[in-house]
Amino acid sequence: MSFWQKNKRWIEIALWVLIPGTLYLTGYHVEVIGGAQRLLLMTGLVSPDMYGEEAAEPKHRADQSLTLTNTEGQQITLTEFEGKVVFLNFWATWCPPCVAEIPGIDKLQQDMASDKIAFMLVNTDNDEQKMKAFLKRKDYEDLPVYRPFPSVNQIPASYRTGAIPTTIVIDKDGYIRLRQEGMADFDTDEFRQFLTELAEQD
């Protein structure tokens with residue numbers, strides 16, 4: 001009997017421990033889980049109902065005091081986007097569902113960002129360098145990524161949901177038209193039509 005045959009059980013146990021352990025220690029477990037969740041989104045099996053009462057009858061104004069900095073450190077507030085539809089996504093690199101959403105959001109913003117629609121991905125990591133390394137590694141450096149200013153603790157209460165990712169769509173008049181807590185596939189014909197209709201409203 002060979003060494004492998006004698007020790008097959010222990011080798012299998014070692015692999016079951018070693019592979020997940022290595023992924024966890026290197027941080028790649030988030031991307032592996034996020035990749036699996038992305039596949040799930042693409043199947044359509046996970047398809048949250050995003051279009052509730054706020055989409056049809058907006059009642060809540062967005063808090064324009066939200067202050068952010070871009071990746072170059074320039075400070076902005078939501079008031080600078082008045083008159084535009086704003087796609088606001090709160091995410092973090094340690095969050096697998098966030099990682100699952102980003103490819104679809106990246107494609108959506110490449111196709112739809114304009115003088116009428118603004119995309120803002122608000123990163124809530126404590127470590128800015130980790131965020132930048134993730135964006136570079138995944139080739140997302142063209143994404144419009146921002147960070148809360150002066151810190152995550154300063155995000156207005158109306159944007160804090162306790163869930164991440166959270167996506168909020170604000171219309172041109174400053175009303176919240178969609179609030180999605182948890183991951184969703186935004187790169188769909190239905191969602192594109194939703195944004196287009198908001199952008200074309202007088």
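The exercises below, each with a worked solution, concern a predicted model.

**Exercise 1. The sheet**

Work out the strand order of the open sheet, and find which strands stand at its edges.

Solution.
- Step 1. The sheet has seven strands with mixed pairing, in the order β2-β1-β5-β4-β3-β6-β7.
- Step 2. β2 (75-77) and β7 (176-181) each have a single partner strand, so one side of each lacks a neighbour in the sheet, and these two are the edges.
- Step 3. On average, and ignoring direction, neighbouring strands are turned by 30° against each other.
- Step 4. At the β7 end, β6 (residues 166-170) and β7 are joined by five bridges in the antiparallel sense. Within this pairing, I168 has R179 of β7 as its bridge partner.

**Exercise 2. Helices on the sheet**

Determine which strands α5 lies across and which strands α6 touches.

Solution.
- Step 1. α5 lies across β3, β4 and β6, and runs at about 160° to β3.
- Step 2. α6 packs on the sheet through β3, β4 and β5 (145-148). The angle between the directions of α6 and β5 is about 170°.

**Exercise 3. The nonpolar cores**

Identify the elements that each supply at least two residues of the largest nonpolar core, and place L195 among its contacts.

Solution.
- Step 1. The largest nonpolar core has 31 residues. Among those with the most contacts inside it are F87, W91, L108 and L195.
- Step 2. The elements that each give at least two residues are β3 (85-91), α5 (96-112), β4 (117-123), α6 (128-137) and α7 (189-200). The largest share, six residues, is from α5.
- Step 3. Setting aside neighbours within four places in sequence, L195 is in contact with V85, L108, M112, I117, F119 and V169.
- Step 4. A second, separate core has 18 residues, including L68, L78, I168 and I176.
- Step 5. As background, nonpolar side chains in soluble globular proteins tend to be buried together.

**Exercise 4. The disulfide**

Find the cysteines that form the disulfide, then decide whether it is right-handed or left-handed.

Solution.
- Step 1. The structure holds one disulfide. C95 and C98 form it, with sulfur atoms 2.4 Å apart.
- Step 2. The torsion about the S-S bond is about 80°, so the disulfide is right-handed.
- Step 3. The cut-off for buried is under 20% relative accessible area. C95, at 2%, is therefore buried, and C98, at 0%, is buried too.

**Exercise 5. The surroundings of N70**

Is N70 buried or exposed, and what does its side chain contact?

Solution.
- Step 1. N70 is in strand β1 (residues 67-70).
- Step 2. Its relative accessibility is 16%, so N70 counts as buried.
- Step 3. A polar atom of the N70 side chain lies 2.9 Å from the backbone nitrogen of E72. The N70 side chain also makes a polar contact with the side chain of Q74, at 2.7 Å.
- Step 4. Not counting residues up to four places away in sequence, N70 touches V145 and Y146.

**Exercise 6. Backbone exceptions**

Locate the cis peptide bond and the loop residue D139 with positive phi.

Solution.
- Step 1. Most residues other than glycine have a negative phi, and most peptide bonds are trans.
- Step 2. The bond from I164 to P165 is cis, with omega near 5°. P165 lies in the loop between β5 and β6.
- Step 3. D139 has a phi near 60° and sits in the loop between α6 and β5.
- Step 4. The relative accessibility of D139 is 62%, so D139 counts as exposed.

Notes: Residues numbered from 1 in each chain as written. Predicted model: local features only at pLDDT ≥ 70, side-chain atom pairs only at ≥ 80, totals over all residues. Heavy atoms only, no water. Core = buried A, V, L, I, M, F, W, Y, C linked by side-chain atoms within 4.5 Å. Buried < 20%, exposed > 50% of the residue type's maximum accessible area, 1.4 Å probe, protein only. Helix = DSSP H or I, 4+ residues; strand = E, 2+ residues; numbered from the N terminus. Contact = heavy atoms within 4.5 Å. Pairing = 2+ DSSP bridges. Axes fitted to C-alpha atoms, helices over the stretch in contact; angles between N-to-C directions. Disulfide = S-S within 2.5 Å. Polar contact = N/O pair within 3.5 Å; in protein donor to acceptor, adjacent residues only side chain to side chain.
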